[in-house]
Amino acid sequence: MLKKFSFSKKEKLKSRKQLAQLFATGKYFTTFPVKIFFIENQKPEAINIKIGVGVSSRNFKKAVERNRIKRLLRETYRVNKMPLVDFIDGNKKNVSIFFLYIDKVMPTHVLLKSKMPVIIDKLIKQLSETSITNT
RNA sequence: CUACAAACCCGAACUAUCGAGUUAUAAGUAAUUAUAAUUAGGAAAGUCUGGACAGCAUAGAGCAACUCACCGGCGAAUAACCGGUCUCGUGAUAAACGAGAAGAAAGUGCCACAGAAAAUAACUUCAUACUUAGGUAUGACAAAGGUGAAAAUGUGAGGUAAGAGCUCACAGUAUUGCAAAGUAAUUUGCGAUACGGGUAAACCUUGAGUGCUGCAAUGCCACGUAUAGAGCCGUUUUAAGAGCUGCUCGUUCAAGGCUCAGGGUAGGCAGCAACAGGUGUUAAGUAAUUAGCAUCGCAGAUAAAUGAUAGUGUAAAAACAGAAUCCGGCUUAUGAGGUUUGUAGCUUU
C-alpha cells in the first residue's frame, strides 16, 4: 500500500521506451496551461500509475526556471492525486501520464493548485470513457 | 562623518505540517518498513584553457596544422597564478591605475581621404639634348610648399652664390664594446657605429613545444534480431581492404571486405564521490605558494532528488543563478550589507 500523499521514485515514468510510446500513440487533452498525455498499458505492473513532468526548454531557457515548474507540477499532483488513485485501483487499470507545461510565463503555486483537481477530474472522465469503448 | 574608487567577506535565519535522493543501523525470504545522518554555487554558468583519468596507437621520418614568444618564481600543469623589468597611455615630469612585450636592418604586400610625394622619394627647381613654339627626353640634387593619423631625427653654429648630416656641438633613437649593480630581464657610467616611416591581430622568418579522441571515454552483465535482400571489390604474394593523426613515404595485418536498404536494443553494475580534500592555526616567503599540527567527512541524481505550504521576523520570503567524471586558472552575471585601503570634502581639537 502506498502512503496517502507520497510520491516516490517508483511512481516516476522513467523508461525511455514507454515515453516514446506515450507520445506516439497516447491520447492527450489540454487544460491551460498544462497539456496532459496519457495511455493505458496492457501489461499489469506493480505500480499502476506512472507520472512524468516536463517543460519546453524553448520557452524557459534557464534551468532554474524549468526545475521550479517541474517541482510545482509534481507537488500539486502529489497533493491532489487521491481521487485518481482510488479510481485506478478500483478499476484495475494501468496508466502512464505526462504533464507538459505549455505556457511561456512562470506559473504561481496558487494557479496550479486550483487547476490540478480539474485536470484529475477530466482525466478520470476520459479514462472511464475509453474503458467503455474498449469493452 | 560624508562621497567616490579598488580589493576582500557574505550570498539570510528559525518553527510546524507534508514530500524526494543517498548512506548507515534494525526488522523481514523478499518487495519493503522504521529510525538517524546528510543533500546544490560563488560563480554549479561560459567551455576559454592546463592537468588527472580512460581508450586507441607506440615503427618511424618528412611536410602540413596548431599553440606559445621580456625575466625570475610557484606548482601536477598552464600564455592565463605571484613578483619584477622595459615601453606607451591617463595623471601634476609624482603616487597609483591600465595596456603591451622575438624579428619591419631576410623577403612580399598594404597604408582610406587629402597631398608633389605614403617609400628603389622628386610635381614646382637647375643642367644638357631635341623642338618654330608649346613642350618632350635624360640626368642632378634638395631647402621651402601646408595636406595628412603619420612627411625623412630636433636645436644651434660652421660652411656656401644660395642651400642641404655636407661638417661640428648638444640632445634623441637603435645596435654594440668595456666597467659596476642585479639570479636574470635590465639599469647606471665611459666609448664606438648607424639614423630612409608605420603595420607581424597581412603573409612571413626565427626559436620553443604539441600523438589522437573525450565519462555519450571505457570495462562487464542481461535482453533481443535476419543464418533474409540489393550493389561493388577481392580470394593468382601482381592481393581488395584495414591499422598506425591530416597528407606523403614507410611499416604491420590481411581472406573476406565496403556501401545501400531493413531489423533489434536503448535496461543494470562498475567508472562515481578520500582527495594536487576542506576548515582552523603556527612557521617560511613581498606574494603565488610550501611545511608542521589539530580537526572534519562535506551532493551523487539519470525524463534526472536537494522541494511545497503556513507562521515568526524584515524595507524586502531579495540579485545572478541549478551539480552531471574530478581538480587548478581565466572570463562573464549579480541584491542588500559589512571590512580594509586610497583620494576628495566637511566638522572638531
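**Figure 1. The buried residue Phe99 and its aromatic partner.** Phe99 has a relative accessible area of 1% and is therefore buried. This predicted model contains one aromatic pair, formed by Tyr77 and Phe99. The arrangement of the two rings is tilted, with 5.9 Å from centre to centre and 50 degrees between the planes. A pair of aromatic rings is described by these two quantities, the distance of the centres and the angle of the planes. Because Tyr77 belongs to helix α2 and Phe99 to strand β4 (residues 95–101), the pair ties together parts that lie 22 residues apart in sequence. Tyr77 also counts as buried, at 1% relative accessibility.

**Figure 2. Strand β4 and its pairing with β2 and β3.** Six of the seven residues of β4 are buried, so this strand is largely enclosed by the rest of the structure. Strands β2 and β4 run antiparallel and are joined by seven bridges. Lys35 stands opposite Leu100 of β4. The pairing of β3 with β4 is parallel and extends over seven bridges. Val53 stands opposite Phe99 in β4, and Val55 has Tyr101 of β4 as its bridge partner.

**Figure 3. The two covered faces of strand β3.** In β3, seven of the seven residues are buried, and the strand is mostly covered. In a regular strand the side chains alternate between the two faces of the sheet. On one side of β3 are Ile49, Ile51, Val53 and Val55, and on the other are Lys50, Gly52 and Gly54; all of these residues are buried, and both faces are thus covered.

**Figure 4. The largest nonpolar core.** This core has 28 residues. Those with the most contacts inside it are Ile49, Leu84, Ile97 and Phe99. Two or more residues each are given to the core by β2 (34–40), β3, α2, α3 (82–91), β4 and α4 (109–134). Helix α4 supplies the largest share, seven residues.

**Figure 5. Helix α3 and the residue that follows.** The buried residues of α3 are Leu84, Val85, Phe87 and Ile88. Seen down the helix axis, the buried residues of α3 fall within an arc of 165 degrees, so they line one face of the helix. Just after α3, Lys92 adopts a positive phi of about 55 degrees.

**Figure 6. Phe60 in the loop between β3 and α2.** Phe60 is placed in the loop that lies between β3 (49–55) and α2 (63–80). With a relative accessible area of 3%, Phe60 is buried, because a value under 20% meets that criterion. The C-alpha atoms of Phe60 and Val105 are separated by 8.5 Å, and the two residues are 45 residues apart along the chain.

**Figure 7. Confidence of the predicted model.** The average pLDDT of chain A is 70, and 67% of the residues score at least 70. The model has an ipTM of 0.74 and a pTM of 0.69. Where pLDDT is low, the predicted coordinates should not be read in detail.

Notes:
Residues are numbered from 1 along each chain as its sequence is written. Chains are lettered from A and ligands numbered from 1 in the order in which they are written. This is a predicted model: local features need pLDDT of at least 70, side-chain atom pairs count only at pLDDT 80 or more; totals for chains, interfaces and linings use all residues. Side-chain values use heavy atoms; hydrogens and water are left out. Helices (H or I, at least four residues) and strands (E, at least two) are DSSP runs, numbered from the N terminus. Buried means under 20% relative accessible area, exposed over 50%, partly exposed in between (1.4 Å probe, protein chains only). Rings of Phe, Tyr and Trp (its six-membered ring) pair if their centres lie within 6.5 Å; planes under 30 degrees apart count as stacked, over 60 as edge-to-face and the rest as tilted. A nonpolar core is a set of buried Ala, Val, Leu, Ile, Met, Phe, Trp, Tyr and Cys residues joined through side-chain atoms within 4.5 Å. The arc is that of the directions from the helix axis to the C-beta atoms. Two strands pair if DSSP finds at least two bridges between them. pLDDT is the predictor's confidence in each residue, from 0 to 100.
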